[in-house]
Amino acid sequence: MLVQYARLNPTGNMTAIVTNSVPRAEQPRVAARLMARGCDFAEQVGFLEAAALPGARVRLQMMGGEFCGNASMSTAALLALKDGLADGAEAVCPLEVSGAEGLVNCRIRREGESFLGTVEMPLPEEISEAELFSGTPFPLVRFPGIVHAILPEDALSPEEAQTRIPALCAALNADAMGILLTDREFTRMRPLVYVRATDSAVWERGCGSGTAALGACAAAKRGRDAELAVRQSGGTIRVRATWRDGGVRRIEISGRVVLEETGTAEIL
């Protein structure tokens, strides 16, 4: 199978977007083959499909059926390039995205060869705590398709996190899981993301949904709006979480996207 792809860099979270049609049943296998090229090639893979929702430009189907803010911004940047968006101009790109109900609107501003993107994230289904190991309760933020566990930086070694995450993901009955190793103030994060469909665990250099989870957790703890700039190895992703009437009512993340290359790959 020959696949066409665009490889984009949203805040270090290398993302491959497959632009030709790939049957849904084949997508996990294709994603696994592309990711086998290494994290410098892609930490995650999304597939463009025809949209069913009125008004959507295209559907973005992630490799594990999860929602991904960075891949959504990458898709919007790709469409902005196709549309010839002028330097300094802004556009709103409505998308249909796996793991999200309704249209996902991405705001894109072109700044030379890069794009500044802002996307509204799905709201958490639940913010809770669970004793994942050692009898200590840790915050859990569950989004459609993915659950994030927020842990102190020294709670697990990288090796322990990679060993534990597949079983934790299964125990939490999630399609995907993130272990977010953070400082006390949520100013920096090291995210490990596991996707069951591809049996892949990746230390991502920039995690959009993980950043959204920190914003949601901060807002819930404070009982008010939260705005964070979260440093990750690929750069900083900003999150704004709105707290109203005892709950998180809106989450937006912002980051920078650069197109690295377009190409084709033969998948055996």
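**Salt bridges, sheets and spaces in a predicted model**

Let's start with charge. The count of salt bridges comes to 18. This is a predicted model, so please keep that in mind throughout. What is a salt bridge, in plain terms? Side chains of opposite charge can pair when their charged atoms come close.

Take one example. Arg24 pairs with Glu49 in a salt bridge. Their closest N and O atoms are 2.8 Å apart. Now look at where the two partners sit. Arg24 is in the loop between β2 (15-18) and α1 (27-35), while Glu49 belongs to strand β3 (residues 44-49). The pair therefore ties together parts that are 25 residues apart in sequence.

On to the strands. A quick reminder first. Strands of a sheet pair through backbone hydrogen bonds, either parallel or antiparallel.

Find the open sheet. It has six strands. The order is β8-β9-β10-β11-β12-β13, and the pairing is mixed. Which strands are at the edges? They are β8 (126-133) and β13, and each of these pairs on one side only. From one strand to the next, the twist averages 25 degrees.

Stay at the β8 end. β8 runs antiparallel to strand β9 (residues 136-143), and seven bridges join them. To see one pairing, pick Ile127: its bridge partner in β9 is Val141. A helix packs on this sheet too. That is α3 (residues 158-171), which touches β8, β11 (176-182), β12 and β13. The direction of α3 makes about 145 degrees with that of β11.

Next, follow the chain to its later strands. Strand β14 (residues 226-232) pairs with strand β15 (residues 235-244). The sense is antiparallel, with seven bridges. Leu228 is opposite Val239 in β15. How many residues lie between β14 and β15 in their hairpin? Two.

Then comes a second hairpin. β15 pairs with strand β16 (residues 247-266), again antiparallel and over seven bridges. Here Thr242 faces Arg250 in β16. Arg238 is opposite Ser254 in β16. This hairpin of β15 and β16 has two residues between the strands. Asp245 is the residue to click on, since in this hairpin Asp245 takes a positive phi near 50 degrees.

β16 has further partners. Nine bridges join β16 to strand β1 (residues 2-10), and the two run antiparallel. Gln4 stands opposite Thr264 there. Strand β7 (residues 114-120) also pairs with β16, antiparallel, over seven bridges. In that pairing, Val119 has Ile253 as its bridge partner.

Now for empty space. Rolling a probe the size of a water molecule over the atoms shows where empty space is left.

How many cavities of 30 Å³ or more does the structure hold? One. The largest cavity has about 140 Å³ of space. Its lining is made of 18 residues. Nearest the centre of the largest cavity are Gln44, Glu66, Ile146, Val193 and Glu204. Which elements supply at least two residues each to that lining? They are β12 (189-195), β13 (200-203) and α4 (208-222). We have met β12 and β13 already, in the open sheet. By class, the lining of the largest cavity has ten nonpolar, five polar and three charged residues.

Pockets come next. The largest pocket has about 240 Å³ of space. It is lined by 13 residues. Leu151, Pro152, Thr182, Arg184 and Phe186 lie nearest its centre. β9 and β10 (146-152) are the elements that give two or more residues to this lining. Nonpolar residues number seven in the lining of the largest pocket, charged ones five, and there is one polar residue.

Finally, the second largest pocket. There is about 190 Å³ of space in it. Its lining includes Gly99, Ala100 and Glu101, as well as Glu120, Met121 and Pro122. Arg249 is also one of the lining residues. Seven residues of this lining are nonpolar, two are polar and three are charged.

To recap: 18 salt bridges, an open sheet of six strands, and one cavity of 30 Å³ or more. Thanks, everyone.

Definitions and conventions
Residues numbered from 1 in each chain as written. Predicted model: local features only at pLDDT ≥ 70, side-chain atom pairs only at ≥ 80, totals over all residues. Heavy atoms only, no water. 1 Å grid on protein atoms, 1.4 Å probe; cavity = no way out; pocket = protein on both sides within 12 Å on 5 of 7 lines; lining within 4 Å. Points joined across faces, edges and corners; volume = space filled by probe spheres on them. Helix = DSSP H or I, 4+ residues; strand = E, 2+ residues; numbered from the N terminus. Nonpolar A, V, L, I, M, F, W, Y, C, P; charged D, E, K, R; others polar. Pairing = 2+ DSSP bridges. Axes fitted to C-alpha atoms, helices over the stretch in contact; angles between N-to-C directions. Contact = heavy atoms within 4.5 Å. Salt bridge = Lys/Arg side-chain N within 4 Å of Asp/Glu carboxyl O.
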